[in-house]
Amino acid sequence: MKKIVIAIDGFSSCGKSTMAKALARSINYLYFDSGAMYRAVAFYCMQNGIIANGEIDTEKLRTAMSDIKITFAADEETKNSVTYLNGVNVESEIRTLEVSQHVSRVAALDFVRAALIEQQREMGKAKGIVMDGRDIGTTVFPDAELKIFVTASAEVRARRRYDELVARGSNPDYQEILANVIERDHLDQTREVSPLRKADDALLLDNSNMTIEGQLQWLCEQYKKIAEQ
């Protein structure tokens with residue numbers, strides 16, 4: 001079967017990363033989490049005083065972008081993709097609610113998106129990849145052979161995020177998470193640069209009531225239709 005680029009876009013906390021990782025493992029493709037890249041930039045800002053009192057020092061961040069290098073590697077035990085910021089594993093640190101509260105504003109900055117899109121396109125040159133995010137099928141890889149747009153209700157997505165944080169030992173507030181999900185939806189859809197939207201040729205997947213196994217089966221079916229042509 002021919003190697004292709006698979007772009008999976010959709011709203012926050014839809015389980016895009018989970019399904020993309022599972023698909024990549026199933027078909028022996030490389031997986032790249034574009035959302036993790038924006039989270040890593042937000043985390044860098046938090047660690048380096050670029051975000052203070054909820055405000056981003058855009059000029060300081062613009063200068064710092066050339067020093068921010070984000071890469072991925074497979075965890076030796078789980079084989080899952082792990083995010084590295086300038087050579088340091090930050091997979092756990094970038095998944096906190098605090099990072100979630102800043103990431104959409106960081107991702108809305110045109111110079112941040114331009115820098116990360118360049119890195120993402122470099123990753124996809126060899127094909128045989130699965131990448132998920134907000135604008136993969138519309139901006140990063142508009143010619144991707146397979147595009148999926150994922151959605152689910154805000155309440156379902158907030159509950160998934162809540163359960164994920166509890167499993168990691170946190171004590172989150174569901175209403176705070178729901179408010180964050182709704183706010184991120186608004187910011188993602190209304191930003192001037194690469195707003196979240198379904199590509200005209202993307203397949204819509206509402207996974208509100210689907211199991212992980214059911215999603216993987218559906219994704220594999222769509223992949224085979226394209227790759228076997």
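**The largest pocket and selected residues of a predicted model**

The largest pocket encloses about 860 Å³ of space, a value computed, like those that follow, from a predicted model. Empty space of this kind is revealed by rolling a probe the size of a water molecule over the atoms. The lining of the largest pocket is made up of 43 residues, and G15, K16, S17, T18 and E164 are those that lie nearest its centre. Two or more lining residues come from each of helix 1 (16–27), helix 2 (34–47), strand 6 (81–85), helix 4 (97–107), strand 8 (129–133), helix 7 (154–167), helix 8 (174–190) and helix 9 (212–227). Of these elements, helix 1 makes the greatest contribution, with 6 residues. When the lining residues of the largest pocket are sorted by character, 20 are charged, 14 are polar and 9 are nonpolar.

Helix 4, one of the elements that contribute to this lining, is largely enclosed by the rest of the structure, because 8 of its 11 residues are buried. The buried residues of helix 4 are L97, V99, S100, H102, V103, S104, V106 and A107. Their cover includes helix 2, strand 3 (51–52), strand 4 (55–56), helix 5 (110–123), helix 7 and helix 8. Within helix 5 lies R113, and its relative accessible area of 2% falls under the 20% limit, so R113 counts as buried. With residues up to four places away in sequence set aside, R113 touches Y38, A107, D135, R191, V193 and S194; of these contacts, A107 is also listed among the buried residues of helix 4.

Aromatic rings and the charges placed over them were examined next. A pair of aromatic rings is described by the distance of the centres and the angle of the planes. The whole structure contains 4 aromatic pairs. In one of them, formed by Y29 and Y223, the ring centres are 5.6 Å apart and the planes stand at 80°, so the pair is classed as edge-to-face. This pair links distant parts of the chain, since Y29 belongs to the loop between helix 1 and strand 2 (30–33) whereas Y223 belongs to helix 9, 194 residues apart. Both Y29 and Y223 are buried. A charged side chain is also placed over aromatic rings, for R159 lies over the face of Y162, at 5.0 Å from the ring centre, and the charged end of R159 sits over the ring of Y174 as well, 4.7 Å from its centre.

Attention then turned to the backbone. Most residues other than glycine have a negative phi. N28, although it is not a glycine, has a positive phi of about 60°. N28 is placed in the loop between helix 1 and strand 2, and with a relative accessible area of 70% it is exposed. A second positive value is found at N86, likewise a residue other than glycine, where phi is near 50°. N86 occupies the loop between strand 6 and strand 7 (88–89), and with a relative accessible area of 37% it is partly exposed.

Three further residues illustrate how separate stretches of the chain are brought together. V5, in strand 1 (residues 5–10), counts as buried at 5% relative accessibility. Leaving aside neighbours within four places in sequence, V5 is in contact with G124, K127, I129, F141, A144, E145 and L146. V5 and Y223, a member of the aromatic pair described above, are 218 residues apart in sequence, yet their C-alpha atoms are 9.9 Å apart in space.

T71 lies in strand 5 (residues 70–74) and, at 31% relative accessibility, counts as partly exposed. Apart from residues up to four places away in sequence, T71 touches V82, T83 and Y84. A C-alpha separation of 9.5 Å is found between T71 and N89, which are 18 residues apart along the chain.

P172 is located in the loop between helix 7 and helix 8, and with a relative accessible area of 17% it is buried. Not counting residues up to four places away in sequence, P172 touches Y162, L165, V166 and I177; Y162 is also the residue whose ring face lies under R159. The C-alpha atoms of P172 and R161 are 9.4 Å apart in space, with their positions 11 residues apart in sequence counted as the separation.

Note on methods. Residues numbered from 1 in each chain as written. Heavy atoms only, no water. 1 Å grid on protein atoms, 1.4 Å probe; cavity = no way out; pocket = protein on both sides within 12 Å on 5 of 7 lines; lining within 4 Å. Points joined across faces, edges and corners; volume = space filled by probe spheres on them. Helix = DSSP H or I, 4+ residues; strand = E, 2+ residues; numbered from the N terminus. Nonpolar A, V, L, I, M, F, W, Y, C, P; charged D, E, K, R; others polar. Buried < 20%, exposed > 50% of the residue type's maximum accessible area, 1.4 Å probe, protein only. Contact = heavy atoms within 4.5 Å. Phe/Tyr/Trp six-rings, centres within 6.5 Å; stacked < 30°, edge-to-face > 60°. Lys NZ or Arg CZ within 6 Å of the ring centre and 35° of its normal.
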